[in-house]
Amino acid sequence: MLYHSTRSQFPTVDSADAVVQGLAADGGLYMPEAIPCFDWRSCLQGDTFAMATQILSTLLPDIPNMETLVRQAYTGKFQ
């Protein structure tokens, strides 16, 4: 999935680069070129880890091992 700055359409970066860079070079925020289709109803059937993994995997498809990352980030942080 490609992301572009809210201040400019170019250059575009993949989702992993958008996360690493944080802000675009022109100071804008990175936004996806298009919002992907998402089955939110099925997402609500899972626990917090499953929901976070599904949402983040949809928006950040270029980041591998999202389930592991979510577990490492969320374990012990929320009730």
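**Exercises on a predicted model**

Asn 65 sits in the loop that links helix 3 (48–59) to helix 4 (66–74). The model is predicted.

**Exercise 1.** Determine whether Asn 65 is buried, partly exposed or exposed, and state what is notable about its phi.

Solution. Step one: take the relative accessibility of Asn 65, which is 57%. Step two: apply the cut-off, by which exposed means over 50%. Asn 65 therefore counts as exposed. Step three: read the backbone; phi of Asn 65 is positive, about 60°, although the residue is not a glycine.

**Exercise 2.** Place Gly 22 in the fold and classify its accessibility.

Solution. Step one: locate Gly 22 in the loop between helix 1 (15–21) and strand 3 (30–32). Step two: its relative accessibility is 41%. Values between 20% and 50% are classed as partly exposed, so Gly 22 counts as partly exposed. Step three: compare with Glu 33, 11 residues away along the chain; the two C-alpha atoms are separated by 16 Å.

**Exercise 3.** Find the cis peptide bond between Phe 10 and Pro 11, and say where Pro 11 lies.

Solution. Step one: check omega from Phe 10 to Pro 11; a value near -5° goes with the cis bond. Step two: Pro 11 belongs to the loop between strand 1 (2–5) and strand 2 (13–14).

**Exercise 4.** List the contacts of Met 66 beyond four places in sequence, and identify the core that includes Met 66.

Solution. Step one: with those neighbours set aside, Met 66 contacts Thr 53, Leu 56, Ser 57 and Leu 60. Step two: the largest nonpolar core has nine residues, among them Met 66, Leu 60 and Val 70.

How values were computed: Residues numbered from 1 in each chain as written. Predicted model: local features only at pLDDT ≥ 70, side-chain atom pairs only at ≥ 80, totals over all residues. Heavy atoms only, no water. Helix = DSSP H or I, 4+ residues; strand = E, 2+ residues; numbered from the N terminus. Buried < 20%, exposed > 50% of the residue type's maximum accessible area, 1.4 Å probe, protein only. Core = buried A, V, L, I, M, F, W, Y, C linked by side-chain atoms within 4.5 Å. Contact = heavy atoms within 4.5 Å.
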